[in-house]
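This report examines one molecular structure, from its overall make-up to selected residues. The sequence and the structure are shown first.

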Amino acid sequence: MIHFDVFTLFPDMFRSPLEGSILGRAQGEGRLCVALHDIRDYAPDKHHVTDEPPYGGGGGMVMKAEPIFNAVEAVLAEPPAGGAGFRIGDGAEGLVPVVLLTPQGRLFSQEIAAQMARQRRLALICGRYEGVDERVRQYLATDELSIGDYVLTGGELAAMVVIDAVTRLLPGALGDPTAAARDSHARGLLEGPHYTRPRVFRGWEVPEVLLSGDHAAVARWRREQALRRTLERRPDLLEDAALTAEDRAFLEELCQERGKREDGSVEEHRGREDRSLGESVELEDRPAH
Ligand code: 6GU
């Protein structure tokens, strides 16, 4: 069982995503508990003020430190249903990590999700993009996470991303116990293509090898497709991937094949990130239908 305490000004944003199939079931089966805490309830003044203009001027509003400190300290002082430890800390020895979701955080990854999935209790503080009083970061948060290099209006969607990615790693959360180990990024490679029935759809056939019943050939094909796709789209991932000598030989072969043009010139490989949205992309051969 993992217990998330989420601190937010917008708890309603979480309700529908948390009811979704896998997250809803994980909660129903007692693997996941998400407690939502409205920071506004912990603002000490009569009007429950949670943000104010920044010292020094400039636009926007800044989330006040006191309601956030009050909320986190009050909630973590009580053990959750599971009875996990409640002292703030870095996650070691039962201490509860307090994670601030902010675009300035370190980049969330599958590896961080796996580390979080080993915790019993985690606190997530959702910042709003105009900012959170620096003393929250300095004296309350033990970690700061961002989910990517773009700016959201607040940390709520990022917190949901974190909860989703962590939950699917909990034992038994996915129907198939091998699913999490097989997916993209789990082994440092992108996944290759998947096919299901029918065998021929609008004239487009499923690769023959998948119908062959030859398990070793299927496994080899899948590995090669994963390597091919990773080289094409995310060559940066290959640097940290666990590759066998056979994998390396295959990649070497691919590079040589692709580097050679008919005129003998060598084409530089462009990763997906270098391609702009508007730029046209060569489509795979599409039989007419
Ligand atoms: Cl965690 N918060 C906000 N406001 N924007 C983000 C983010 C977080 N991660 C990426 N962009």
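The sections below treat the chain as a whole, a central strand, the nonpolar cores, the ligand shell and two individual residues.

## Overall make-up

The model is predicted. Its chain holds 9 helices and 9 strands. Of its 289 residues, 21% count as buried. Among contacts between residues at least 6 apart in sequence, 71% join residues that are at least 24 apart.

## Strand 6 and its partners

Strand 6 covers residues 121-126, and 6 of its 6 residues are buried. In a regular strand the side chains alternate between the two faces of the sheet. On one side of strand 6 are Arg121, Ala123 and Ile125, on the other Leu122, Leu124 and Cys126, and both faces are covered.

Strand 6 pairs with strand 1 (residues 2-8) in the parallel sense, over 5 bridges. Within strand 6, Ala123 is the bridge partner of Asp5. Strand 5 also runs parallel to strand 6, and 4 bridges join the two. Here Leu100 stands opposite Ile125 of strand 6.

## Nonpolar cores

The largest nonpolar core contains 41 residues. Phe7, Val99, Leu101, Ala123, Leu124, Ile125 and Ala159 have the most contacts inside it. Helix 6 (residues 156-167) supplies the largest share of this core, 6 residues. Apart from this core lies another, of 5 residues, including Leu189, Leu190, Leu227 and Leu231.

Which residues does Ile125 contact, leaving aside its neighbours within four places in sequence? They are Phe7, Ile68, Val72, Val98, Val99, Leu100, Leu101, Val136 and Ala141. Of the two strand 6 faces, Ile125 belongs to the one that also carries Arg121 and Ala123.

## Helix 6

The buried residues of helix 6 include Glu156, Ala158, Ala159 and Met160. Val162, Ile163, Val166 and Thr167 of this helix are buried as well.

The length of helix 6 can be checked against its residue count. The helix has 12 residues and, at 1.5 Å a residue, should span 16 Å. Its end C-alpha atoms are 16 Å apart, so the model agrees with the expected span; that span is 1.5 Å times one less than the number of residues.

## Shell around the ligand

The ligand is surrounded by 15 residues, of which Leu101, Pro103, Ser146, Leu152 and Ala158 are the closest. Strand 5 (98-107) and strand 7 (143-146) each provide at least two residues of this shell. The largest share, 4 residues, comes from strand 5.

How many of the shell residues are nonpolar, polar and charged? The shell divides into 9 nonpolar and 6 polar residues, with no charged residue.

Two of the closest residues recur elsewhere in this report. Leu101 is among the residues with the most contacts inside the largest nonpolar core, and Ala158 is buried in helix 6.

## Two partly exposed residues

Arg135 lies in helix 5 (residues 134-139). Arg135 counts as partly exposed because it has 14 C-beta neighbours inside 10 Å, a number between the limits of 12 or fewer for exposed and 20 or more for buried. Arg135 and Glu66 are 69 residues apart in sequence, yet their C-alpha atoms are 9.5 Å apart in space.

Leu76 is placed in helix 3 (residues 65-76). With 18 C-beta neighbours inside 10 Å, Leu76 also counts as partly exposed. Leu76 and Ile88 are 12 residues apart along the chain, and 7.7 Å separates their C-alpha atoms.

Key:
Residues are numbered from 1 along each chain as its sequence is written. This is a predicted model: local features need pLDDT of at least 70, side-chain atom pairs count only at pLDDT 80 or more; totals for chains, interfaces and linings use all residues. A residue is near a molecule or strand if its C-beta atom, placed from the backbone, lies within 6 Å of it. Ala, Val, Leu, Ile, Met, Phe, Trp, Tyr, Cys and Pro count as nonpolar, Asp, Glu, Lys and Arg as charged, and the others, Gly among them, as polar. Two strands pair if DSSP finds at least two bridges between them. A nonpolar core is a set of buried Ala, Val, Leu, Ile, Met, Phe, Trp, Tyr and Cys residues joined through C-beta atoms within 7 Å. Two residues are in contact if their C-beta atoms, placed from the backbone, lie within 7 Å.
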